[in-house]
Amino acid sequence: MMNRQQEGPRIVVGVDGSPSSQAALRWAVRYAGLVGGRVEAVGAWDLPGAAAWSAPAVDATFDEDEAERRLVEEVRRTEWSL
């Protein structure tokens, strides 16, 4: 088992495709490089009705594979823009 202190800090950043999340991801990558850490990008999205008392928080059109593909694409775009 690896010692977590030897791995360096873990920087977690939420990614939703917005310009602010792209900026946050770029910042996280630069910061990780400075402190010897690693970045964990987490995909985030809003489900209609999740914050209200209306219908259950279910999105029948949500495609988990598509969401993962978009997250990977955004991370790759960010890597190339640094």
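## Exercises on a predicted model

Val 35 counts as partly exposed, since its relative accessibility is 34%. The structure used in these exercises is a predicted model.

**Exercise 1.** Find the helix that holds Val 35, and state which residues form a nonpolar patch with Val 35 on the surface.

*Solution.* Begin with the place of Val 35 in the chain, which is in helix α2, covering residues 19-35. Next, recall that a patch takes residues with over 30% relative accessible area; Val 35, at 34%, passes this cut-off. The patch consists of Trp 27, Tyr 31, Leu 34 and Val 35, and together these residues have about 430 Å² of accessible area.

**Exercise 2.** Describe how the rings of Trp 27 and Tyr 31 are arranged, and explain why the pair is called stacked.

*Solution.* A pair of aromatic rings is described by the distance of the centres and the angle of the planes. The count of aromatic pairs comes to one. In this pair, the ring centres of Trp 27 and Tyr 31 are 5.0 Å apart and the planes stand at 10 degrees. Planes under 30 degrees apart count as stacked, and therefore the pair of Trp 27 and Tyr 31 is stacked. As to position, the two residues are four apart in helix α2, which means a separation of about one helical turn. Finally, look at the surface: Trp 27 is partly exposed at 47% relative accessibility, and Tyr 31 is partly exposed at 34%.

**Exercise 3.** Sort the residues of strand β1 by face, and then work out how β1 pairs with strand β2.

*Solution.* In a regular strand the side chains alternate between the two faces of the sheet. For strand β1, residues 10-15, the covered face carries Ile 11, Val 13 and Val 15, while Arg 10, Val 12 and Gly 14 belong to the uncovered face. Strand β1 pairs with strand β2, residues 38-43, in the parallel sense, over six bridges; one of the partners is Arg 38 in β2, which is bridged to Arg 10. With helix α2 added, β1, α2 and β2 make a right-handed β-α-β unit.

**Exercise 4.** Decide which residue forms a salt bridge with Arg 10, and say which residues are linked in a network of salt bridges.

*Solution.* Side chains of opposite charge can pair when their charged atoms come close. The whole structure contains five salt bridges. Arg 10 forms one of them with Glu 40, where the closest N and O atoms are 3.6 Å apart. This pair links distant parts of the chain, with Arg 10 in strand β1 and Glu 40 in strand β2, 30 residues apart. Arg 10 is exposed, at 52% relative accessible area, whereas Glu 40 is partly exposed, at 27%.

Now turn to helix α3, residues 64-81, in which Glu 66 and Arg 69 are three residues apart, or about one helical turn. Their side chains meet in a salt bridge with an N to O distance of 2.4 Å. Glu 66 also meets Arg 70, at 3.1 Å from N to O, and these two residues are four apart in helix α3. Glu 66 is partly exposed at 24%, Arg 69 is partly exposed at 38%, and Arg 70 is exposed at 55%. The network of salt bridges links Glu 66, Arg 69, Arg 70 and Glu 73.

Conventions
Residues are numbered from 1 along each chain as its sequence is written. This is a predicted model: local features need pLDDT of at least 70, side-chain atom pairs count only at pLDDT 80 or more; totals for chains, interfaces and linings use all residues. Side-chain values use heavy atoms; hydrogens and water are left out. Patches are made of residues with over 30% relative accessible area and no salt bridge: like charges are joined within 9 Å, nonpolar side chains (Val, Leu, Ile, Met, Phe, Trp, Tyr) within 5 Å. Accessible areas come from the Shrake-Rupley method with a 1.4 Å probe; for residues, only the protein chains shown count as cover. A salt bridge is a side-chain nitrogen of Lys or Arg within 4 Å of a carboxyl oxygen of Asp or Glu. Buried means under 20% relative accessible area, exposed over 50%, partly exposed in between (1.4 Å probe, protein chains only). Two strands pair if DSSP finds at least two bridges between them. A crossover is right-handed if, with the strands pointing away from the viewer, the path from the first strand over the helix to the second runs clockwise. Rings of Phe, Tyr and Trp (its six-membered ring) pair if their centres lie within 6.5 Å; planes under 30 degrees apart count as stacked, over 60 as edge-to-face and the rest as tilted.
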